[in-house]
Amino acid sequence: VWSLVPGLINAGYSVKVIDGRIDEENALVDALKISPSPLFIGISSLTWAQLLGAMKAAKQIREINREIPIVWGGWHVTLNPESSIKEDFVDMVVVGRGEETIVDIANRLSGSGNIIIPGLWEKCKDGCHPVCMKASPLKETFPKIPFDLIDINRYGPYFGYLTSTGCKWHCTFCAIQQIYKGQMFFKPMDQVIQELKYIVDNYRGLRQINIDDDLFFINRDRVEEFCDRWNNYGGIQMSVLAHVNVLLKYDDNLWKKIIKTGFHHILIGAESGNQI
């Protein structure tokens, strides 16, 4: 969600972010009392528990003001756009990455943008059927985290962070391949180091950084560069996701660097590494 904010701000829009994980249950209603006519309200959600709270919030918006457009994004609606757009509390569905799409939506709703927006599902005027446009090709976009809008100390002692997005594998049981289709995009290392330094320097009580990349270890040279650069700063424990078949290719010298960097917790999926 935070990656959507910089584009809107750069386009001249004011943004209010409400995080359902840590904000009060009535935070959205209170925000609408202060600003009763926003251009639109965006909701991003995973499937299941998070979705229940998101649906409740959307229904509250409808009760307060049915004219406010409600734009949904995130994994759940991306994988289920046809069923999602039929809901009364859904006006638009953004499929896939939304950094550019959300700005296009804001521009159109403000009267200054194009009518046709790639990757957008929306109800037709009579509500009879959804209208959708094929999503644009994925781009390597990594907007800088808007730390001036985030009080990172509101979160728990563990901070999640992405240095890359996507996955090169095509596992049919995984939702990621539905979006990225075997593509991977890597955040510039200078940006990674700069943002991690900010987190460590400003996060009181931070105990661990969770690297949430799906394939952090896939690029050996990049992993070694990270270790060499972060070793000069370091001092915080890290957790990371990993695939067995990738880890088995690493030698002892690199593992020593990985351990020295602070990685102490490696999460491995339900796999054996055996192709038989």
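Helices here are DSSP runs of at least four residues, numbered from the N terminus. With that in hand, let's look around this structure, which is a predicted model.

**Helix H9 and its rings**

A good place to start is helix H9, where Phe226 and Trp230 both sit, four residues apart, or about one turn of the helix. An α-helix has 3.6 residues a turn, so residues three or four places apart point the same way. The rings of Phe226 and Trp230 form a stacked aromatic pair, 6.2 Å from centre to centre and with 10° between the planes.

Phe226 has another partner too. Its ring centre is 5.8 Å from that of Phe216, and the planes stand at 85°, so this pair is edge-to-face. Planes over 60 degrees apart count that way. What parts of the chain does this pair link? Phe216 comes from the loop between strand S9 (208–211) and H9, while Phe226 is in helix H9, 10 residues apart, and the pair is one that links distant parts of the chain.

Are these rings buried or exposed? Phe216 counts as buried because its relative accessibility is 4%. Phe226 is buried as well, at 1%, and so is Trp230, at 0%.

Step back and a wider group appears: ring pairs tie Phe216, Phe217, Phe226, Trp230, Tyr250, Trp255 and Phe263 into a cluster. The structure as a whole holds 13 aromatic pairs.

**H9 against H11**

H9 covers residues 220–230, and it packs against helix H11 (residues 252–261) at an angle of about 45°, with the two axes 9 Å apart. The two helices are therefore oblique to each other, and their crossing is left-handed.

Which residues meet there? From H9 come Arg220, Val223, Glu224, Phe226, Cys227, Asp228 and Trp230, and from H11 come Leu254, Lys257, Ile258 and Thr261. Sorted by class, this contact has six nonpolar, one polar and four charged residues. So Phe226 and Trp230, the stacked pair from before, also take part in the contact with H11.

**Helices H6 and H2**

Now for helix H6 (residues 101–109). Seven of its nine residues are buried, so the rest of the structure largely encloses H6. The buried ones are Thr101, Ile102, Val103, Ile105, Ala106, Asn107 and Arg108. What do they pack against? Their neighbours are helix H1 (5–10) and three strands: S2 (70–73), S3 (92–94) and S4 (120–123).

Just after H6 comes Gly111, with a positive phi of about 90°. Further on, in the loop between H6 and S4, you'll find Ile117. Ile117 counts as buried because its relative accessibility is 3%. Ile117 and Ala135 are 18 residues apart in sequence, and their C-alpha atoms are 8.4 Å apart in space.

Helix H2 (residues 27–34) has buried residues as well: Ala27, Leu28, Val29, Ala31 and Leu32. These pack against S1 and H3.

**A buried serine in H5**

Helix H5 takes in residues 81–84, and Ser84 is in it. Ser84 is buried, with a relative accessible area of 6%. Leaving aside residues up to four places away in sequence, Ser84 touches His76, Val77, Val90 and Val93.

**Two loop residues with positive phi**

Most residues other than glycine have a negative phi. That makes a couple of loop residues worth a look. Trp48 has a phi near 85°, a positive value in a residue that isn't glycine. Lys181 isn't a glycine either, and its phi is positive at about 50°. Where do the two residues lie, and are they buried or exposed? The table sets them side by side.

| Residue | Phi | Place | Relative accessibility |
|---|---|---|---|
| Trp48 | near 85° | loop between strand S1 (41–44) and helix H3 (49–64) | 64%, exposed |
| Lys181 | about 50° | loop between helix H7 (176–180) and strand S8 (184–186) | 55%, exposed |

Exposed means over 50% relative accessible area. Trp48 is therefore exposed at 64%, and Lys181 is exposed at 55%. Trp230 back in H9, by contrast, is buried at 0%.

Note on methods
Residues are numbered from 1 along each chain as its sequence is written. This is a predicted model: local features need pLDDT of at least 70, side-chain atom pairs count only at pLDDT 80 or more; totals for chains, interfaces and linings use all residues. Side-chain values use heavy atoms; hydrogens and water are left out. Axes are lines fitted to C-alpha atoms, for helices over the stretch in contact, and angles run from 0 to 180 degrees between N-to-C directions. Angles under 35 degrees count as roughly parallel, over 145 as roughly antiparallel, 65 to 115 as roughly perpendicular and the rest as oblique. A crossing is left-handed if the near helix is turned anticlockwise from the far one by less than a right angle, and right-handed if clockwise. Contact means heavy atoms within 4.5 Å. Ala, Val, Leu, Ile, Met, Phe, Trp, Tyr, Cys and Pro count as nonpolar, Asp, Glu, Lys and Arg as charged, and the others, Gly among them, as polar. Buried means under 20% relative accessible area, exposed over 50%, partly exposed in between (1.4 Å probe, protein chains only). Rings of Phe, Tyr and Trp (its six-membered ring) pair if their centres lie within 6.5 Å; planes under 30 degrees apart count as stacked, over 60 as edge-to-face and the rest as tilted.
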